[in-house]
Each structure stands twice: as C-alpha cells, then as structure tokens.
Protein chains: 2
Amino acid sequence: MVIDFKQRTTVTLAEVAAAAGVGESTVSRVLRNHGSFSPKARERVLDAVERLGYVPNRIAGTLASAGSRLVAFVIPSLTNIVFPDVLRGAGGVLEENHYQAVFSVTDYDSEREETLVSAMLAWRPTAVMLAGFEHTEGTLKILRASGCRVVELLDTDGTAADLAVGFSNRQAGRASAEFLLRRGYRRLGYVGHDLDLDTRAGKRFTGFCEALNLAGSRLAGREIRAGASSVESGRAGLKQLLERAPGLDAVYFSNDDMALGGYFHCLSNGIAVPADLALFGHNGLDIGQAIPQPLASIRTPRVATGKLAAELVINEAPPQVADLGFELIEGATA
Amino acid sequence: MVIDFKQRTTVTLAEVAAAAGVGESTVSRVLRNHGSFSPKARERVLDAVERLGYVPNRIAGTLASAGSRLVAFVIPSLTNIVFPDVLRGAGGVLEENHYQAVFSVTDYDSEREETLVSAMLAWRPTAVMLAGFEHTEGTLKILRASGCRVVELLDTDGTAADLAVGFSNRQAGRASAEFLLRRGYRRLGYVGHDLDLDTRAGKRFTGFCEALNLAGSRLAGREIRAGASSVESGRAGLKQLLERAPGLDAVYFSNDDMALGGYFHCLSNGIAVPADLALFGHNGLDIGQAIPQPLASIRTPRVATGKLAAELVINEAPPQVADLGFELIEGATA
DNA sequence: TTGAAAGCGCTAACAT
DNA sequence: ATGTTAGCGCTTTCAA
C-alpha cells in the first residue's frame with residue numbers, strides 16, 4: 001500500500017470562502033479592504049484565513065487586475081555602492097506601498113541592458129528603473145511599446161524618456177574643477193575608469209574639462225583605466241599618472257573609490273596630501289569621510305534618488321526631470 | 001474633437017496565434033521551444049511575434065504552469081557589501097536560467113523579516129533566500145507551510161530548515177584568534193557592532209573567545225557599538241577601547257569595515273601597526289587589501305555562496321548544508 | 001451587503 | 001505536428 005503524501009496544494013481563496021461560508025468575492029473584498037462587507041462577514045473571513053494559513057496569490061491577483069505592483073530595476077552594478085544605495089532608498093517606499101522590487105544587473109553593458117529590460121517587461125512591472133539616459137534604440141523602443149513607466153536615475157544631463165531623478169554629473173564635474181582652481185591648484189590631473197561604459201563618470205569628466213577651459217587652463221595629465229572603478233584601480237592609476245606626468249598639484253578622480261586608492265598610494269609613498277598633491281573624489285561615501293583626512297568630494301543624493309523615483313511612480317506623477325542637486329564636501333585632501 | 005489615444009492594450013499570445021495562422025498552443029510551444037512543431041510553424045510564429053512586438057506575459061504563464069521562476073531574497077542590509085555580493089553571485093546564475101530575483105531588506109530586524117517573507121510568499125517564489133539561521137518561529141512556520149525551497153546563507157552553525165550555503169562563522173572566529181595567538185599577541189581586544197542583531201558576527205566573537213579560552217587566555221577588553229557596522233563606528237570603537245583598556249597588543253574587529261575604521265584611527269594617532277597594535281578584520285574586502293598595509297582578515301565566499309545557492313535551487317538539490325569554507329589573509333596589520 | 005460568473009493570458013492535457 | 005479546451009487563482013462587473 002502506498003501512502004500518498006501528496007504535496008498539499010496551497011490554500012486558495014475559494015477554500016477560504018468555503019470555510020468562512022461566504023462567497024469568493026466577499027473574501028476578496030475583505031482581504032483588500034475594498035468594497036463593502038458586513039463586520040460579521042469580515043470576522044468570519046479573517047478567522048478562516050487564520051485557520052487555514054491562507055496566503056493570497058499575487059500572481060493570480062495581478063493577472064486578474066492588471067496591476068502588478070512590481071518595480072523593475074535594471075542597474076549596472078551591485079559592486080559600486082551607488083546602486084545599492086538607490087535600491088535602498090526606493091525599497092523603503094516601495095514596501096510601504098506594497099510594491100515589490102525586482103532587479104537585474106547589466107555590468108555596464110547596454111546590450112545586456114536591452115535583453116534584461118525585455119525580460120523584465122514579461123513581468124508587466126509598473127515601472128522600469130534604469131541608470132542614466134544612454135540606452136540602445138532597442139531598449140527605448142520596447143520600453144515605449146510596453147506602456148510602463150520609465151525612470152532614469154542619477155543623471156539629468158540628457159533627454160528623459162519619461163521620468164528622471166538625479167543630479168547633473170556635468171555640473172558636478174564643473175564644480176569640482178572650480179573648487180580646485182579656487183584653492184589655487186593649477187596643474188590638474190585626472191584618474192578615471194572606463195568612461196565609455198560609465199557615461200555618468202564621462203559627463204563629470206567633460207564638465208571638469210569645460211571648467212578648466214573656461215578658466216584658461218587645461219588638464220595636465222590623465223590616466224584612464226580599463227574596467228570598473230575600484231580602490232585598487234585608483235591606486236594603480238595614480239601611480240601611473242604621477243610617473244608619466246610629474247609636477248601635478250591636484251588630481252580629480254572618477255569617484256571616491258578611485259580617489260581612496262589614490263589616497264592610499266600617497267600614504268604609502270610619503271606624498272603629503274594636500275601639500276604635495278591634492279585629491280578630489282566624487283560621491284561623498286562615508287568611508288571617504290572616515291579616513292584620517294576627510295576626502296574632498298561631491299556628496300550625491302543616492303538614497304534620495306531612489307526614494308523620489310519610487311514616490312513618483314507610485315503617485316503616477318507626470319513625466320518630469322527631478323534634479324536633486326549635490327553638495328560639495330571640502331574635506332581635507334584639497 | 002477629442003482624439004482618443006487609447007492605451008494600446010498589449011499584444012497577447014492569442015493575437016500572435018491569429019496573426020501567424022496557427023493555434024495558441026503552437027505559439028506557446030515555439031516560444032518555449034518545448035514540444036514539437038514544424039520549422040514552418042516556427043517561422044510563422046516568430047515572424048508574427050516580431051511584427052506585433054509581442055512580449056510574453058510571465059504572470060499569466062506562471063499562473064498557468066505553477067512554476068514562478070522567481071527567487072526571493074530577504075536580506076538584512078544593502079549597505080553591508082556582503083549582501084550585494086551574494087546577490088551578485090546568485091544573479092548571474094539565476095539570469096542564465098531565466099529566473100528572476102526579487103528582494104527586500106530587513107534592516108536586521110527579525111520581525112520585519114517575518115513580514116517580508118510572508119509578503120514574498122504571495123509571489124509564490126521557487127525559493128526564499130535568507131541570511132543565517134536565526135529566524136522567528138513565525139517565519140519558519142510560514143516558510144514550511146509554503147512548501148517552497150528555503151536557503152539560509154552565510155552560516156553553517158545551526159540547524160538548516162532546508163538548504164544552507166556558507167561557512168562557519170564560529171570557526172572563522174576561532175581561526176582569527178589562533179592566528180593572533182600564533183603571532184605572539186597576548187593582550188587581545190575586540191571591537192564589534194550590535195551582536196544581537198548580526199548573529200553571524202556574534203558567532204565569530206563566540207568562536208574567538210573559545211579559542212582564547214582553549215589557549216588559557218582571555219579577552220583583555222571589548223567595545224560593543226550600537227547599530228550596524230561601519231568604518232566610522234570601528235574608528236570610534238577602537239578609540240574608546242584603547243582609552244578604557246590600554247596596553248592591548250591586538251584587536252579583533254567584527255568585520256573589515258570596522259577594522260578599517262580602526263586602522264584609520266591608528267594612522268591618525270601615530271599608533272604603529274602592527275608594532276604597537278595589531279588589527280584583524282573579517283570578510284577580506286578588496287579595500288582592506290588596498291590600504292597601505294593589507295588588512296589581516298578572513299576572506300569569505302560571498303559571491304560563491306550566492307552562486308551555489310542559486311544552483312542548488314535550480315537543480316532541485318536535496319536538503320543539505322554546503323560549507324564553502326574561508327581563507328585566512330595574513331596581511332600586514334598583524 | 002453579497003454571490004455568481006466572466007474573464008485576465010497563458011500552459012498542459014487531450015484529441016486529432 | 002497541431003488545434004481545442006479546461007483550468008491556474010484571483011478581481012470585477014452585475015444582479016440580487
């Protein structure tokens with residue numbers, strides 16, 4: 001004899017209705033607290049839910065109602081803390097409103113972005129959140145065709161498809177240069193990671209050079225490293241740069257990770273900061289403020305960006321570009 | 001006159017079938033490359049899909065087939081890079097297998113964890129991934145009732161509900177202590193963050209103390225900081241500890257973030273590392289290896305944990321505990 | 001206030 | 001190889 005421990009099929013709304021002695025629609029109304037029902041019906045339903053351990057099936061709910069309450073994030077990286085910060089900002093708001101976050105990672109590859117966006121749309125999300133404005137034609141096309149909201153994050157220098165939340169990287173770059181010039185530095189260098197992939201870093205660099213030109217100055221040296229940003233890359237990058245272009249008095253880095261690497265290079269090699277060499281980063285990470293000399297940087301509104309992005313989507317805000325600005329941290333490395 | 005730009009209702013499989021002049025099931029078979037169909041049918045279907053810009057609705061597909069291909073991550077934090085690392089490891093594997101990652105963040109609060117797990121189950125995920133073994137009774141109960149796979153991550157010291165992937169924090173703590181003792185340090189201190197919340201850090205500390213006891217030694221001082229780990233907290237923590245317990249020759253930190261803060265404190269205050277004071281962290285973060293003196297630490301298999309966790313779920317592996325071990329980094333701070 | 005019933009868009013038998 | 005059809009578990013009219 002075979003005892004059939006058949007996988008207990010999960011409890012359905014119909015079973016709850018039966019157990020409570022009411023109709024399915026009543027259960028649905030009670031559970032979503034929508035429409036009208038008697039206190040008595042409510043009680044019986046909740047009681048049955050409790051007894052049976054019913055967990056609503058949102059897959060079914062979504063299919064029936066055509067509103068998924070799923071928000072898709074297609075981000076370049078999880079290693080660069082910038083993106084987890086945005087997710088964190090959005091996460092709180094989404095959760096409060098019973099939305100669910102879904103994500104995938106492009107590794108800064110826009111072809112992959114297209115593939116992933118397309119895969120995401122199969123879940124019929126309420127919105128798709130992307131980094132920046134640079135996407136393939138294909139990505140934009142399928143996004144437009146989908147009819148779902150699109151939020152482009154962490155940039156305002158470009159044309160938004162729908163919603164955009166962030167700050168101007170170009171202006172951040174300019175502000176960084178202006179600060180260094182104001183401080184009296186004249187032989188400025190740059191250490192950055194791959195600018196073609198990280199277009200926002202590219203825009204900062206553009207802004208930085210623009211400000212130099214405006215001041216009748218120009219970059220005295222640059223070192224562009226392949227691959228993503230990292231502390232190690234910043235360290236190696238500064239080393240290279242100083243060998244090739246001696247006599248620099250300040251270096252602008254593509255972000256704080258890179259700048260921290262530069263700082264450590266200076267520490268290791270007896271380069272006095274900022275007396276011998278000034279350093280300037282970007283992002284205003286906490287760790288940059290915890291080193292012996294707080295890093296001069298630009299604090300970016302990462303968490304706030306995620307938060308506002310989620311709010312705009314939830315409130316069905318009209319298409320718009322929200323510039324959250326940034327804040328210059330003078331620090332002690334410049 | 002009002003032009004009605006009626007929201008174009010999205011294309012359905014039925015429309016594709018009609019356009020291709022085949023039945024719905026043929027479209028379904030072609031699209032999932034499952035079952036049999038003629039090359040000709042295939043071509044007509046793909047053609048129609050292309051023409052109409054059809055994007056399959058996975059909500060509907062999931063409901064019909066009872067396999068969601070959704071994997072839910074309920075993690076303590078996104079700020080602690082450990083968890084993004086795990087997500088990254090899992091993400092690649094999941095994507096290759098057409099699974100989708102969903103996540104929410106508990107902030108190390110197990111009540112919240114319960115709420116979030118419950119909310120996740122409404123999406124009928126294939127698996128739920130959690131940090132560690134410490135969960136409320138309620139969490140375990142709803143998880144068991146759900147019948148979905150459960151993976152507990154980054155710990156092996158405890159009883160697994162189903163699958164577990166990680167390493168032994170307790171052994172990591174012991175190994176850390178043994179290393180410091182072997183190096184000849186005798187007056188050992190500890191700087192940690194909130195151990196009740198981060199139970200894995202707590203287990204490391206336990207293991208550390210055990211090893212000291214075994215060696216007939218004991219902790220010469222400790223500083224436990226409220227809240228989550230951070231560089232700044234480590235810095236302030238070491239400062240406190242050294243004031244209260246002078247004469248220490250080595251300090252063990254709850255993780256690398258904390259240890260980095262300690263290192264910076266030493267740098268700022270002319271404390272020679274390791275001559276005056278040795279430092280030991282945990283996690284083996286890249287940044288710890290990029291500072292002037294590579295941090296002595298334990299490299300943990302974070303990405304590998306995510307990867308294996310995803311693989312086990314996808315392959316429907318039987319319940320098991322996979323210990324991926326860890327690697328001691330001697331570094332230069334001890 | 002409540003229940004019956006018609007889908008939502010797809011998959012999976014089951015015929016053919 | 002392919003089409004027909006019965007659901008998947010809900011939400012939402014629509015009557016009652």
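**Close-up 1. What kinds of residues face DNA strand C?** In this predicted model, the surface near DNA strand C is made up of ten nonpolar, twelve polar and three charged residues. Here "near" means that a heavy atom of the residue lies within 4 Å of the strand. As for the classes, Ala, Val, Leu, Ile, Met, Phe, Trp, Tyr, Cys and Pro count as nonpolar, Asp, Glu, Lys and Arg as charged, and the others, Gly among them, as polar. The closest of the 25 residues around DNA strand C are A:Thr26, A:Ser36, A:Ser38, B:Leu13 and B:Tyr54. Of the strand C atoms within 4 Å of the protein, 67% are sugar and phosphate.

**Close-up 2. Polar contacts on DNA strand C.** A polar contact is a pair of N or O atoms within 3.5 Å; within protein, one must be able to donate a hydrogen and the other to accept it, and residues adjacent in sequence count only if both atoms are side-chain atoms. Look for the backbone of A:Ser38, where an N or O atom sits 2.4 Å from a phosphate oxygen of DNA strand C. Over on chain B, a polar backbone atom of B:Asn57 is 3.3 Å from a phosphate oxygen of strand C. B:Ala60 goes for a base instead: a polar backbone atom of B:Ala60 is 3.3 Å from a base nitrogen of DNA strand C.

**Close-up 3. Now for DNA strand D.** Which residues come nearest to DNA strand D? Of the 25 around it, they are A:Leu13, A:Tyr54, B:Gly23, B:Ser36 and B:Ser38. A polar backbone atom of A:Leu13 lies 2.5 Å from a phosphate oxygen of strand D. Two serines use their side chains: a polar atom of A:Ser28 is 2.6 Å from a phosphate oxygen of strand D, and one of B:Ser36 is 2.5 Å from a phosphate oxygen of that strand. Helix 2 (24-32) and helix 4 (58-65) of chain A, plus helix 2 (24-32) and helix 4 (58-65) of chain B, each give two or more residues to this surface. Helices are DSSP runs (H or I, at least four residues), numbered from the N terminus.

**Close-up 4. Two cysteines in chain A.** A:Cys148 counts as buried because its relative accessibility is 14%, and A:Cys266 is buried too, at 1%. Buried means under 20% relative accessible area (1.4 Å probe, protein chains only).

**Reading the labels.** Residues are numbered from 1 along each chain as its sequence is written, while chains are lettered from A and ligands numbered from 1 in the order in which they are written. Local features need pLDDT of at least 70, side-chain atom pairs count only at pLDDT 80 or more, and totals for chains, interfaces and linings use all residues, while side-chain values use heavy atoms, with hydrogens and water left out.

Conventions. Buried means under 20% relative accessible area, exposed over 50%, partly exposed in between (1.4 Å probe, protein chains only).
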